[in-house]
Each structure stands twice: as structure tokens, then as C-alpha cells.
Amino acid sequence: MRFSRLAVGFGLFSLTLWLQGCGGGGDDGDGDGNAKVTTTEHDHDHDGDDETTMAPTTMAPTTTTTTTTHEHMCAPPLMEPPIPGVMPGLEKPKIILGQDVDWPGYAFMGSPPESDFETEGIGKDIAKGLESVCDIEVHVTEVRWSDCWGNAVIGDGLAAGELHGCMTYTHTYGARNRFCEFSKPILKDNKPGGILVKLDEFGDPVVTGDSDLSGKKVVDVVGWAPTADTLALAENKCTKQRFQGYTIVQPTVNTGNANNDALKTLLDGDADAMWVYADQVKQYQCGPGVTANWDCDMWAGFGTNFSYIQTGLFGHAQAGTTLALSKKGSGLKEILDPCIERFLETKDYYDICVKHGFVNSCFPNEFFPSSGSSETLTWELPTDELSTKCEDGYCPCPAETSD
């Protein structure tokens, strides 16, 4: 008992000292137990070295400050939203961003000799590039897209705060905005929607381009844009009327790849049409250097077994591909947006756009060649402007459209 009383007494004495040192009544206190935090602005040193960056709250890494008290020894200021099990940034924001590895150009797994099976893509390269324009630390980890966004609901991983944000999500209208917020875009609104259908034995679409989809079953690519709810915002480019009277159905198979699941559902006859990115089929054509987790043979049936009957459907998005999708109110965009604005003005941004084949989709800056207007890609054209045939994968409007 005597030992216990001594231990308790020593513990209380230690706690008193700790509270005194952390602002519980010392010279730095303000009388009510709260420590004063004083910050001082500093210009860059003449020798090129910057002062240590500290800040009392989560904030964008734009101002160089120094804390003049020792409060950070007891209660470090939050530099970024906290993540369980991850050491926070102490002198600058430490951001954890996630991506899957099944979207060529955007988010994929690299292969030797260019990459030792690391996460790769335009999202990662731009995310890491922010470190060159801001005092920030960025880590990119592999996740499943379903950890980020699911069937019209935020993904479990993002909701639970397992990472700060997920990369290369289109800022769509609809459900995503009720759960999440977006950073500034890193690409233009370059992701039009499209509608895929099966072709019959004669190579003709089983649902024609002038259909408003009334009575049809439309399969959604779960977790991907364009989201199921935004089909109602799209205009049929052959009739200039909106789609209506259709039923959204879920994939009837689970292969581990959402686009794979939707296409197989369509080809199995469990859906009449598929609401999908207008360039998705092009992205899923396999070849050298492509590490695919989708059915290459099935997607090779483009123009033979299935084709688009609608392309260039842009009405589903508020902005283009963004760097980060995060939980609503997370504060991540306040950290990233100033850095994104700066990086988009650099030569490194241009070089990354060239590397991944996105020059026409990137926001031009002074380092981009001034070659005038760029060529509009086939899937970006509205259906009534197509000169292709169904055998090319892109069906034009029927010769005579119904009212």
C-alpha cells in the first residue's frame, strides 16, 4: 500500500509538471490553462534554406512559420487530417493517396524495366510532383476502387479514414457530391460518357442510336463514372432528347473488375445497354506493356460483338479528372488545391502529360507547343457527327431517326 501511495503521488507530481510545461499554468499560459501559440512570418534565407514549417491547424503548405513556444512537444499541430496507424507530418503535411491498378494511363501497375511493379499513372506522377512546388510529403498506395467509391455510396476505406483521398476521379454531378469533395482537376473535362450495346449476327446494334432506352435494362459500371444517376442528365445525340424509362441493373457476375463485370452482363443478355466512359473500350485493348486484370479476349470483340451507339455525352460531369476524391469536410482540398494550381504551370506537368499521352486533355501552360486547336478524338464526338461504322466500334445515328 505504501508503494502504491508513493507511485500515485509521483504520478500526480509528474502530471503537474507535464501540464505546467504544456501550458497548464506556466509563464506561457494565458491564465485559463491554454497555452499561447505565437507564430512569426519569415522570408526565405539568403542562403536558400527555409525556416521550419509549423502551423496551429490543418492548412495548405503555403506559409513558412516558426512556433515560438514548446507546445508542439506536447500537442503537435495538425498538418493534415489524421489517419489511424500512420505517423503524422510534424513539419509539413503528409498526405496518403490511393489508386487501383486497372486503368491504363491513369492508374496502373508498372512493369520492368520502367518500373519494379510500382503503382504508376498520371495521378501518381502529378501527386508526387506537388512536392516540388509545396512543402508537402505525398505517399501513393494501392487500394481497390471500391475502397474509395462504391454503388452510389462512399467506399468503406475512405469513409473510415484509412487514407486521405483517392486519385483520378471525375467530378461528376449526383451522388458523389453528397458524400465527398473533390480537389481541383488535373485534366480537362475529357471523359464523355457512352452507351455500349451488343451487335447481332449481321453486325447491327440490337438497340439503335435513336432509342431513348424506354423499357431497356442498362447495366452500370459500379463505382466508376459516369455514375448511374447521371444517365438521366445525358442527351441522346441523335434525337436531342434525354433518355428515360429505363431500369438501371447491377452486374450479374463478379470478376473483380467492375468494367469487366458490366460488359459480361451485357454480352450474356442480362442487360440491353451499358452506361460507360466513351473511351473505356479503347483503354481496355490489350497489348505490349499492358498488365491487365480484365478479359482481353472479351474486350477484343469491340466492333464485332459490341459497339457504342452513343458517344460524346458530356453532361454527367462538373469538371474533369481530379487529383483527389476525399470525405466531405476532410479539408484535403484546402491543402492540395494551392499546390495543384502551382504545379499545373510547370514544365514537369507538361512532361507528365506527354509521358502518359494526355497532352490534348491537359491544361496548357507556357511549355505546351502552340499548335492551335487539337484534333477531337472519335469518342469525344457526338454520335450525330460520327463518320465511323459499327464495325469500327462507333455506330453513327440511324439514317432515319424516330421522333
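In the predicted model, the side chains of lysine 347 and aspartate 351 meet in a salt bridge, with a nitrogen-to-oxygen distance of 3.1 Å. Both residues belong to helix α10, where a spacing of 4 residues places them about one turn of the helix apart. Lysine 347 counts as partly exposed, because its relative accessibility is 42%, and aspartate 351 is likewise partly exposed, with a relative accessible area of 33%. Elsewhere, salt bridges that share partners join Asp100, Glu142 and Arg144 into one network. Within this network, glutamate 142 pairs with arginine 144, and the closest N and O atoms of the two side chains are 2.5 Å apart. Glutamate 142 has a relative accessibility of 39% and therefore counts as partly exposed, and arginine 144, at 38%, also counts as partly exposed.

A further salt bridge is formed by the side chains of lysine 184 and glutamate 341, at 3.3 Å from N to O. Lysine 184 is located in the loop between β10 (180–182) and β11 (193–198), whereas glutamate 341 is part of helix α9 (residues 332–343), so the pair ties together parts of the chain that are 157 residues apart in sequence. At 32% relative accessibility lysine 184 counts as partly exposed, and glutamate 341, with a relative accessible area of 45%, is partly exposed as well. Over the whole structure, the search finds 12 salt bridges, including the pairs formed by lysine 347 with aspartate 351 and by lysine 184 with glutamate 341.

The cysteines were examined in the same model, and the count of disulfides comes to 6. One of them is formed by cysteine 148 and cysteine 166, whose sulfur atoms lie 2.0 Å apart. The torsion about this S-S bond is about -80 degrees, so the disulfide between cysteine 148 and cysteine 166 is left-handed. This pair links distant parts of the chain, since cysteine 148 falls in helix α3 (residues 145–148) and cysteine 166 in strand β8 (residues 165–166), 18 residues apart. Both cysteine 148 and cysteine 166 are buried.

Another disulfide joins cysteine 238 to cysteine 397, with an S to S distance of 2.0 Å. Its torsion about the S-S bond is about -95 degrees, and the disulfide of cysteine 238 and cysteine 397 is therefore left-handed. Here too distant parts of the chain are linked: cysteine 238 sits in the loop between β12 (217–220) and β13 (247–249), and cysteine 397 in the segment after α10 (347–356), 159 residues apart. Cysteine 238 and cysteine 397 are both buried.

Cysteine 353 is joined to cysteine 362 by a disulfide, again with 2.0 Å from S to S. A torsion of about -105 degrees about the S-S bond of cysteine 353 and cysteine 362 makes this disulfide left-handed. Cysteine 353 counts as buried because its relative accessibility is 0%, and cysteine 362 counts as buried at 1%.

Cysteine 180, by contrast, has no cysteine sulfur within bonding distance, because the closest one, in cysteine 166, is 8.5 Å from its own sulfur and too far for a bond. With a relative accessibility of 2%, cysteine 180 nevertheless counts as buried.

Note on methods. Residues are numbered from 1 along each chain as its sequence is written. This is a predicted model: local features need pLDDT of at least 70, side-chain atom pairs count only at pLDDT 80 or more; totals for chains, interfaces and linings use all residues. Side-chain values use heavy atoms; hydrogens and water are left out. A disulfide is a pair of cysteine sulfur atoms within 2.5 Å. Helices (H or I, at least four residues) and strands (E, at least two) are DSSP runs, numbered from the N terminus. Buried means under 20% relative accessible area, exposed over 50%, partly exposed in between (1.4 Å probe, protein chains only). A salt bridge is a side-chain nitrogen of Lys or Arg within 4 Å of a carboxyl oxygen of Asp or Glu.
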